[in-house]
Structure formats: C-alpha cells, structure tokens
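I opened this entry to look up how two chains are arranged and what holds charged side chains together where they meet. My notes follow the model.

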Protein chains: 2
Amino acid sequence: MQPLLTRGAEGLEIRWPDGIVGTFPYIWLRDTDPAGFHPQTGERAFDLTSIPLDITPQSVKIDADNLLLTWTDLDTQSRFDLDWIKANRPGQTRPDPADLTPTPWRGDLGAGGVPRRTANGIMSGGRELADWLDVTKRYGLSIVEGLADNKDAGIAIARRIGHLRETNFGLTFEVMSKPNPNNLAYTSDALPLHTDLTNQELPPGYQFLHFLSNEAEGGGSTFCDGVAVGNDLKAQDPEAFEILSTVTIPFRFQDSDTDIRGRKSVITLDARGDVSEICFNAHLADILDLAPGTMNAFYRAYRRFMEMTRDPAYRIALRLSAGEMVVFDNRRVLHGREAFDPSTGFRHLHGCYVDRGEWDSRLRVLRRA
Amino acid sequence: MQPLLTRGAEGLEIRWPDGIVGTFPYIWLRDTDPAGFHPQTGERAFDLTSIPLDITPQSVKIDADNLLLTWTDLDTQSRFDLDWIKANRPGQTRPDPADLTPTPWRGDLGAGGVPRRTANGIMSGGRELADWLDVTKRYGLSIVEGLADNKDAGIAIARRIGHLRETNFGLTFEVMSKPNPNNLAYTSDALPLHTDLTNQELPPGYQFLHFLSNEAEGGGSTFCDGVAVGNDLKAQDPEAFEILSTVTIPFRFQDSDTDIRGRKSVITLDARGDVSEICFNAHLADILDLAPGTMNAFYRAYRRFMEMTRDPAYRIALRLSAGEMVVFDNRRVLHGREAFDPSTGFRHLHGCYVDRGEWDSRLRVLRRA
C-alpha cells in the first residue's frame, strides 16, 4: 500500500499506511532537495533566495520507493527516498548517538561504583573506545587505569577523542603545590567541590587528571554529581532551583596576564528542561552584584546548593594511585580535594581538557552504521 | 559629612552625602569581607557554609574612610573602604573596559571606511595594541597591513592577544582550492555571506585571514555587519526578528573523522536585549526539523535575513593584497567571497581564530590603571 498524498494549507501531507502523517511545507521540500547539496562536501549549496517563498510544486507523485516533485525553476525532478523523508519529516527529532540519558548518582555509588576501564582498551579504539565514551558520558565520571608513568600517557588518551581545549592555564597543566600560586589548585589547601573555569564563556568540558604520584598524606579526591543535586533540589526546593537556574552571577579570574570575566547561572537547563550544566565555583565567583531584593533569596538558594554538594549523601571520595586517571564532565560533575601535607610525600597530577563537542563527535563517528 | 547608616529589612542601608543610597544585605557583607580572599590568588577563600544565613553584624560604624563591622564568628573587624563599597553596592554594574558599544556599519562604510592599522604598531603592544583591539571590537572588523610574507606573521599578531582557538580544521588553516574538499571554503566557488562553524557549541570568535597571495581573477572578500542587519530587521520586521532570535535550528558538519552538531538561533541577544551574536551559515544548516506550523514562518524570516545580508545597502567588498590581513568578529560580522578562477593565479590565505574571551581579557589587562 502506497502513502497517500494531499495538498494541505501548510504544505504537502503524506499519510503512511502505518498511520504516521507528515506535513511538508513546500519551501522545505524545495530547500531540502537532495540535489541541492554539494556532491563532495555534503554541505547545502542551494540558494534559498533563488526561489519565491510561496513556491509550490507543479506535480507530486510516488514512484516505487520515491517521492517525485517537479518545479518551475528546475529542469529535473526532486527525488526523495520515502523512508528518508518519513524519518526526516518536520517536527521529528532525528536520532543522535551522542544523546545519552544521564545516570545520576549519589554518595551511595561509592568509590567502587565508578566505571573503570583500561588505558590499553581505550587506546585500541573502536568498540572499547566507544564504550568508554558512552559510560563516562552517562555517569559524567570514570577512572582509567594502567597508564604509563609519563605525562604523555594521559594526553594520548585525550587526543584519541579529539584536540585539547586550551585555556589561560595552557594546553595542559600540572597540579602540585608551588610557590606564588595564582590559583588555589596550586596550593596544598583543601578544595571544596567546584567546577573549573566558570569565568569562561564556555567552561571546559571533560577534564582529564592523570595521577603521576599521590604519596602525600591527605589529598583525597572528592566528586559530586551536579545532575543528581539539581534534580533533588528541584523536587525539594523548587524556589531555590528556579533562582539558581535563572539568575546569573559574575565570575572572574585575574592574574598578571589575564582578566577573564563571565556571567553564568549556577544551573543551566537544556531545551527539555533537564539539568544540562552546573557552574559552581565559590573561588571564582566575583563580588555578587545582584539587586538588594534578589540578593538574600539568591544567597539562600546558593548556600543550600553548596551544602548539598558537601553532604555525604551526594559526595564520593576516591584515593587514586599513580598510573590512574580520573576523567569527568567538568560542566556536570563537581570535583574537589582534601587538604594534604606536602612534607609527607609528592602529589603530582597532569591534566587537560577536551570539550563536549569533540567527545560527542567521536562517539557519533564510532557509532556510524 | 559622613554617610548615614541604617539597619533596614534587606540589610544595612548606607546613604552618602551625594544622595546615593546602597542596600547591603548582611550575608553579602560577611561573604564579601576583604579578609576572606586568598592573599596570593585573590580568589574567595571564605566558606559561606561556616556562617548562618541570617547573620547580622554585632556593630557597624564608620571610622574615617572605612566601614567597620563586628561579627560573632570573627575575632577581627571586617573593614571596607567606603569608596570601594559605594562603587560595589548591590545592583550596581561594575565598569568593564571590554564592554564597548558596537559601531554598527552598513554598505556606505565602503572599503575605505574599514579601520586599518599596521602590523608593527600592533606588535609593539601597549597603547597601539589596545587601540586596535578597541576599534576592531567596535566595528567587528579591521585590516592589518604590512605583514611579512610568511605564515607566522599573521599568527604572531593573533598570539599577541592570547592562545589560538583550535577547531576540527586545526589550530590554523589554509584557504585555497584543493582536491577532494571537505568544505566549500576549499573550492573556488563563491561563498555567500556566512559566519563560520555555527555547528559548534561556541562558534569561534575573532577570525584572522592573512593574504599570502591574491592574484586569481575574482575572489573578492565580502563582509556584512550582523548587528546592523539585526537592528534594522527588528525595526522593520519585528515578527521576523522575534522568530530568528528565539527559534533554534540544527547545524552540522561531518566528514570522515568528525560529526559535530549544534542548535543555535540565527540571532542571539544579550541581557540588555541587544544583538550580541549572529549564527548564519546556510551550508552548515542541517535539514530543518521545526514543527510544520513554525516552518513557513521561519523560512520567511530566515530568507528575509539572508536577502538583507546580500543587499548592497549592507555589504562591503574588499580586495585584499598579499601582506594584508583582515580580522573580524566571526560571531558578528558575516564574511563571504566572490568566485574565482584558479587558473588565472594563486589565491592563498592563512587563518586562525582567537575567542572573544581572550580578546576581552587582553583589552582589560592593557587598560589596567
């Protein structure tokens, strides 16, 4: 049985035998003609201004598995594969292999519940790489083990995905206590849970922290899933959630060579209304400049969020060893560390970032049919 | 005459002799205590969870040029400089040397109206660098002349600002016709006005195109100020402006190694409601997936915008020579080129990007008092 064609007010209607109905505006059909895309680059080459806005086809018909249309401005027919046009009917979300549902986690995940994969498996590419990208995106966190004892080993894994995200701290960075630090990460102080570089217009996506040594007393790594905290805050304190997802606050980092400022809400929602991003960094939060009438309500919500991140109900602590690397979505999972005593041993991490765009791109390419 | 202090419902009120009144929530005063910031890094070290939300000072008083407060949780007084606290009173926008008012321009700017500076002046740094950053940001466009005849010359100017923005096309890129192009830029076809990499979550900011040679017939460079088009569209066709600034459309680039997808509105507004960003790239626009009821209205608005960008009333054409570099805000100024005949001579550009964050940071550092 063939699909049924009707000319409707909004465009061509196609009713498939299974009951699915698509409405295809004529301008969309003309603009989407497969012949209008560059044969080598796949980019759209058709010029929309070359046709009138109210264009309608002279004829429409179905021939075997194709929809055929003729137009006054074209010598040849537009030919659409019927299955393709059904899958791409307007208003239909197209499938995306990188659109994975997050697995929110809380303190009861424990250190043992964090996904673990081997460096060798990931570097082998293919299914093992795709599986690691998938599980790390779902949890926002994973541990890679079996890294060689050199700084290149962690970077090589990051580059297996795509290019690194450079920042004002460099293309890669080292975390150890150093004299004249320009950042708390370079001290031996405790670092409460936070996300990095919230002062940037686009804070870096995935963070890679390769432990080259971790012998000092203290210095454990703490993590908290911002999606879990956000979801629970929404259920328990909708007013606080509303404020944190709509009010933007100023962030700033400055040293002798840089002064990078940005405004962000603590919680960002995606088009579905789900928590898609957390920007939380008390150290980089600039002097709050909200109107006096908003300030007290903001502080209440902000402090509540802060308390939740430190609650053992949400927090996990990991003791990572040399040769291990923790990888996490810096725009979702907050990280911190306990204070350590630099006189008891060396603690040396080597890190870098890869943005979400490269992560998702690699996952899509690996999962191509 | 001293400022007058009053304890109000929202916090401490300070009335200055010049009539300015600030309301300072107590939690803000405690959180903003200058002693709560790390002495070396300048970051906030104070832990907000260490105090109750409804904290109030035991005493407040003015002593010469300072506001002094005592708290139950602190042995020492909080001391604020009165001028500082006046400038930073809640609800007050803090000055930002990088917050420059755009100078919208139209076709009548002409090639001769584009700001020009010399490579030597910019490389000397200081005032000349700051002046160039300023004027290029205001116009979204400038020409740098007197570059040495090698690829490093343009990159050196970009790096004078900050690190480069790497993309899937590399840290730098070359624009010339090449076999098996994965992008229309690498053909000799005309390129209608567009902004680059609209498929990225954060499209690159400033683009640098250094002309190493430009001898082929054709291949002129075209530019159009998206802020001017946006402003005029808002005045002339508010419905189209509304659609383009609220409806997001899918963008996508894919080749053998990448598949980068994102959704963007064509026009993005800042918190003031001003046009802050344009994402317009017909080649990277994926098959539109809007609901049928929105599609026709979107196409009308989208085609209108496209027509305006090509209208000589908005467009300028430049013929750049070897040794010149055009620098423009890729998120504001659309660029394109006329078709050229590769058999008539060589056309070779070398390019890179520096994001808006680095641009603004350099401007702030150079303009520090």
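Below are my entries on symmetry, interface, salt bridges and one strand pair.

**Ground rules.** I am working with a predicted model, in which local features need pLDDT of at least 70, side-chain atom pairs count only at pLDDT 80 or more, and totals for chains, interfaces and linings use all residues. Residues are numbered from 1 along each chain as its sequence is written, chains are lettered from A and ligands numbered from 1 in the order in which they are written, and side-chain values use heavy atoms, with hydrogens and water left out.

**Symmetry.** I superposed the copies by least squares on the C-alpha atoms of residues with pLDDT of at least 70 in both. A turn of 180 degrees with a shift of 0.0 Å along the axis lays chain A on chain B, at an RMSD of 0.0 Å. That is the relation of a two-fold axis. I then asked which residue of chain A comes closest to the rotation axis. A:Leu202 does, with its C-alpha at 3.5 Å.

**Interface.** I took contact as heavy atoms within 4.5 Å. On that basis 80 residues from chain A and 80 residues from chain B take part. Of the interface residues of chain A, 100% are also interface residues in chain B, so the copies meet through the same surface. The buried area (accessible area, 1.4 Å probe, that two parts lose on being put together, summed over both) is about 6,800 Å² between chain A and chain B, and carbon and sulfur atoms give 51% of that.

I counted polar contacts as pairs of N or O atoms within 3.5 Å; within protein, one atom must be able to donate a hydrogen and the other to accept it, and residues adjacent in sequence count only if both atoms are side-chain atoms. The rule finds 42 residue pairs across the interface, both residues at pLDDT 80 or more. Helices and strands here are DSSP runs (H or I, at least four residues; E, at least two), numbered from the N terminus. Helix H1 (26-32), strands S14 (248-254) and S15 (259-265), and helices H8 (292-310) and H9 (356-366) of chain A each supply at least two residues of the side that touches chain B. H8(A) gives the largest share of that side, eleven residues.

**Salt bridges.** My rule was a side-chain nitrogen of Lys or Arg within 4 Å of a carboxyl oxygen of Asp or Glu. The count is 64 over all chains, and ten between chain A and chain B.

For accessibility I used buried for under 20% relative accessible area, exposed for over 50% and partly exposed in between (1.4 Å probe, protein chains only).

- A:Asp96 and B:Arg261 form a salt bridge, with the closest N and O atoms 3.7 Å apart. The pair runs from the loop between helix H2 (82-87) and strand S7 (116-118) of chain A to strand S15 of chain B. A:Asp96 is partly exposed at 23%, and B:Arg261 is partly exposed at 24%.
- A:Arg362 meets B:Asp257 at 3.2 Å, N to O. A:Arg362, in helix H9 of chain A, is buried at 11%. B:Asp257, in the loop between S14 and S15 of chain B, is partly exposed at 41%.
- B:Arg303 and B:Glu307 form a salt bridge with the closest N and O atoms 3.3 Å apart. Both lie in helix H8 of chain B, four residues apart, about one turn of the helix.

I also noted a network of salt bridges linking A:Asp96, A:Arg364, B:Arg252, B:Asp259 and B:Arg261.
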